Amino acid sequence: MQDHDPSRPESPIDPATSSSGPPAPLTPADEALIHALQLAPRAPWALIGEVLGVDPVTVARRWERLRASGRAWITAYPGRRLQQSIEVALVEIDCRSGEVESVADSLAAVPQVVTVEHMAGGRDLLITIFTADLGSLSRLILERISRLPGVVATRAQLTTRVFGDGSRWRLRSLSEAQQRRLGETAAPARPARAAARPAEPFPPLDPASRALFPATSEDGRRSVARLAEVTGLSATTVRRRLTRLTEGHDLMLRCEVARELTEWPVSATLWAQVPPAQLETAARGLLSLAEVRLCACVTGPNNLLFTVWLRSVADVQRLEAQLAERLPFLTLVDRAIALRQTKLMGHLVGPGGRATGVVPVDVWAGIPG
């Protein structure tokens, strides 16, 4: 596996650049680069430059500007195979008036709380949690989250299967030929059928492999040399483990973009009821829609949850009408618009949807008291 030139210094997100003043709009060249990295997050700059018709040094510098300004970034988290052996939950939180921001900031500091969203309708916050086991999830919700000053109530939904997540969402900037060229080095996002529970139990990860998750979550394009320095492992061990984890879909790399800078600035989460025998059909239908980011089966009477990025709030009604026609057996029960995000898959999010910092995703970290 190749990555960016280890001789180039890391460029952390600059809070001053990423949070002050209006964000610079994305140029067509920026969008093409982000699309390329969505397809192949750790592809060498030589390949990215070849596909985009740009000098590798130029394309690397362009990425560093995007990353330093918080307009785009690459994160990492447990992939779909590993998610079958950990607990993934979505938790709705009600807060006392005037204390939503402080609760969100406290939650964002927890490494197992990977996403924090402020919602309009039905709940104040919607968070996503990854924990090593059910006991850890219970402790986190009951002993940590429920006791935060300002929290009034929590409602947890466990995912029993994630059919697709944000790693499959793409900008639409590259030609089919360019996408095919990058697809030669990247594992493509699979449809719902391929996300099934593995036939054999997932083997426990050793400490060396676990250490790579927070290290790559902070910056998914960190060089092997830098990852070795951060984790205390040898470069050979890092390269071997990273290849095995990514090829086995245990560690997922994801290139994110500030949503407000795209043509789809509105995020909505919808809950639906689907007959159990038709869940996979519903998931395939939803994942065929370009707007859908996340689609998961969850516990409770509303057994299917999905998140979409839309062009406007009014688009929610258009989408609902489209679903009624395509998936008549799917009954929409609830929907909520995201007012803003405090955290997105480990990265802290500020004004304009830009990344301002990172609390790396770490499923196995101790539960804070």
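## The largest cavity

About 340 Å³ of space lies in the largest cavity of this protein, and the model you are looking at is a predicted one. How can we tell where such space is? Rolling a probe the size of a water molecule over the atoms shows where empty space is left. Counting those of 30 Å³ or more, the model has 2 cavities.

Which residues should you click on to find the largest cavity? Its lining is made of 23 residues, and T115, T128, R254, L294 and M345 are the closest to its centre. By residue type, the lining divides into 10 nonpolar, 9 polar and 4 charged residues.

## Strands around the cavity

Next, look at the elements that line this space. Those giving two or more residues to the lining of the largest cavity are β2 (87–95), β3 (113–120), β4 (125–131), β5 (151–164), β7 (266–273), β8 (292–298), β9 (304–310) and β10 (331–344). Which element gives the most to this lining? That is β4, with 3 residues.

## The chain as a whole

Now step back and take in the protein chain, with its 12 helices and 12 strands. The chain has 369 residues, and buried ones make up 55% of them. Its accessible surface comes to about 15100 Å², and carbon and sulfur atoms account for 54% of that area.

How do parts of the sequence meet in space? Among the contacts in the chain with a separation of 6 or more, 78% are between residues 24 or more positions apart.

## Helix α3, a mostly covered helix

Helix α3 spans residues 45–52, and it is mostly covered, with 6 of its 8 residues buried. The buried ones are W45, L47, I48, G49, V51 and L52. What do they pack against? Their partners are α2 (28–39), α4 (56–68) and α7 (176–183). Right after α3 comes G53, which has a positive phi near 70°.

## Two nonpolar cores

I48 of α3 turns up again in the largest nonpolar core, a group of 30 residues in which L33, I48, W63 and L182 have the most contacts. The elements giving two or more residues to this core are α2, α3, α4, β1 (72–78) and β6 (251–257). α2 gives the most, with 6 residues.

L33 is a good residue to zoom in on here. Leaving out residues up to four places away in sequence, L33 touches W45, I48, L52, V59, R62, W63 and L66. There is also a second, separate core of 24 residues, which includes A268, V274, C295 and V308.

## Two residues with positive phi

Finally, two residues are worth a look for their backbone angles. H249 is not a glycine, yet its phi is positive, at about 60°. H249 sits in the loop between α10 (235–247) and β6. Is H249 buried or partly exposed? With a relative accessible area of 23%, H249 is partly exposed.

The other is M345, also a residue other than glycine, with a positive phi near 45°. Where does M345 lie? Its place is the loop between β10 and β11 (347–349). M345 counts as buried because its relative accessibility is 7%, and buried means under 20%. You have met M345 before: it is one of the residues closest to the centre of the largest cavity.

Conventions. Residues are numbered from 1 along each chain as its sequence is written. This is a predicted model: local features need pLDDT of at least 70, side-chain atom pairs count only at pLDDT 80 or more; totals for chains, interfaces and linings use all residues. Side-chain values use heavy atoms; hydrogens and water are left out. On a 1 Å grid over the protein atoms alone, a cavity is a set of points where a 1.4 Å probe fits but cannot get out, and a pocket is an open set with protein on both sides within 12 Å along at least five of seven lines; lining residues have an atom within 4 Å of a point. Grid points are joined across faces, edges and corners, and a volume is the space filled by probe spheres set on the points. Helices (H or I, at least four residues) and strands (E, at least two) are DSSP runs, numbered from the N terminus. Ala, Val, Leu, Ile, Met, Phe, Trp, Tyr, Cys and Pro count as nonpolar, Asp, Glu, Lys and Arg as charged, and the others, Gly among them, as polar. Buried means under 20% relative accessible area, exposed over 50%, partly exposed in between (1.4 Å probe, protein chains only). Contact means heavy atoms within 4.5 Å. Accessible areas come from the Shrake-Rupley method with a 1.4 Å probe; for residues, only the protein chains shown count as cover. A nonpolar core is a set of buried Ala, Val, Leu, Ile, Met, Phe, Trp, Tyr and Cys residues joined through side-chain atoms within 4.5 Å.
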